[in-house]
Amino acid sequence: MIGVSERAVQLAETILVGAAARGAHIAVAESLTGGALAATLVSVPGASDVFRGGAVTYATDTKASILGVDTVHLARTGPVDPIVAQQMARGVAELFGADYALATTGVAGPGPADGHDAGTVFIGVMTPEGAAATECHFVGDRDAVRVQTVERALELLLMALH
């Protein structure tokens, strides 16, 4: 199990303060991070004022059945895809009634999967203006990729809040 990095907790604190000041709520959809993103957010006291909840949709079919990711698109591209990340973020925002949402999908490793090298990650960010996805290529072992994914997702959400 991966630990929560000090940097990630600092980012989460800043995000939660900023979201609370706006009266905004946050939700997360996770695949390769397996709940680590939600755990980082709730490690901050007072997170319940802002954090609505999260969904760990590790299996590909749950991305469709829980979050509403398009099944035809999933069949064509697999889960490691920018559109999937966007749809995951949009779906979890709707599911939890959140203004902002993050989604993580990718390959933590140790080897390639779904035609992508280990460390290939897409992070979806949903804001009131719409959804976007960022492609990342992280290095290191499985845990290092997951830690980097959580940190980068929080950085992207912080930028979206400003």
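Start at P110, which is found in the loop between β3 and β4 (120-127). Helices (H or I, at least four residues) and strands (E, at least two) are DSSP runs, numbered from the N terminus. This is a predicted model, in which local features need pLDDT of at least 70 and side-chain atom pairs count only at pLDDT 80 or more, while totals for chains, interfaces and linings use all residues. Residues are numbered from 1 along each chain as its sequence is written, and side-chain values use heavy atoms, with hydrogens and water left out.

**Stop 1: the β3-β4 loop**

Select G109 with P110. A cis peptide bond joins the two, with omega about 20 degrees. Now move to D114, which is also placed in the loop between β3 and β4. D114 is not a glycine, yet its phi is positive, about 55 degrees. Both features deserve a look: most residues other than glycine have a negative phi, and most peptide bonds are trans.

**Stop 2: the largest pocket**

Keep D114 selected and add S31, Y58, G106 and V107. Of the 17 residues that line the largest pocket, these five are the closest to its centre: S31, Y58, G106, V107 and D114. The space in this pocket is about 210 Å³. Colour α3 and β3 (100-106) next; each supplies at least two residues of the lining.

The pocket comes from a 1 Å grid over the protein atoms alone: a pocket is an open set of points with protein on both sides within 12 Å along at least five of seven lines, a cavity is a set of points where a 1.4 Å probe fits but cannot get out, and lining residues have an atom within 4 Å of a point. Grid points are joined across faces, edges and corners, and a volume is the space filled by probe spheres set on the points.

**Stop 3: S31**

Centre on S31, in the loop between β1 (26-30) and α2. S31 counts as buried because its relative accessibility is 6%. The classes are buried (under 20% relative accessible area), exposed (over 50%) and partly exposed (in between), with a 1.4 Å probe and protein chains only. Show its contacts (heavy atoms within 4.5 Å). Leaving aside neighbours within four places in sequence, S31 touches T57, Y58, K63, M88, T104 and T105.

**Stop 4: K63**

Follow S31 to K63, in helix α3 (residues 60-65). Their side chains share a polar contact of 2.9 Å. A polar contact is a pair of N or O atoms within 3.5 Å; within protein, one must be able to donate a hydrogen and the other to accept it, and residues adjacent in sequence count only if both atoms are side-chain atoms. Add T57: its backbone oxygen lies 2.6 Å from a polar atom of the K63 side chain.

Which side chain of opposite charge is nearest to K63? It is D61, 7.9 Å away; K63 is buried yet has no salt bridge. For charge, Lys and Arg count as positive and Asp and Glu as negative, while His and the chain ends are not counted. Leaving aside neighbours within four places in sequence, the contacts of K63 include G68, V69, L74, P79 and V84.

**Stop 5: the salt bridges**

The structure holds three salt bridges. Each is a side-chain nitrogen of Lys or Arg within 4 Å of a carboxyl oxygen of Asp or Glu.

Select E155 and R7. Their closest N and O atoms are 2.4 Å apart. The pair links distant parts of the chain, with E155 in helix α6 and R7 in helix α1 (residues 6-22), 148 residues apart. R7 is partly exposed, with a relative accessible area of 40%.

Add R152. E155 and R152 also meet in a salt bridge, at 3.0 Å, N to O. Both lie in helix α6, three residues apart, about one turn of the helix. Shared partners join R7, R152 and E155 into one network.

Then pick D143 and R146, whose closest N and O atoms are 4.0 Å apart. D143 is partly exposed at 34% relative accessible area, whereas R146 counts as buried at 13%.

**Stop 6: the largest cavity**

One cavity of 30 Å³ or more is counted. The largest cavity has a volume of about 40 Å³. Its lining includes I2, G3, V4, S5 and A8. The elements giving two or more residues are α2 (36-42) and α6 (142-161). α6 gives the most, with three residues.

**Last stop: T71**

Finish at T71, in helix α4 (residues 71-77). T71 counts as exposed, at 52% relative accessibility.
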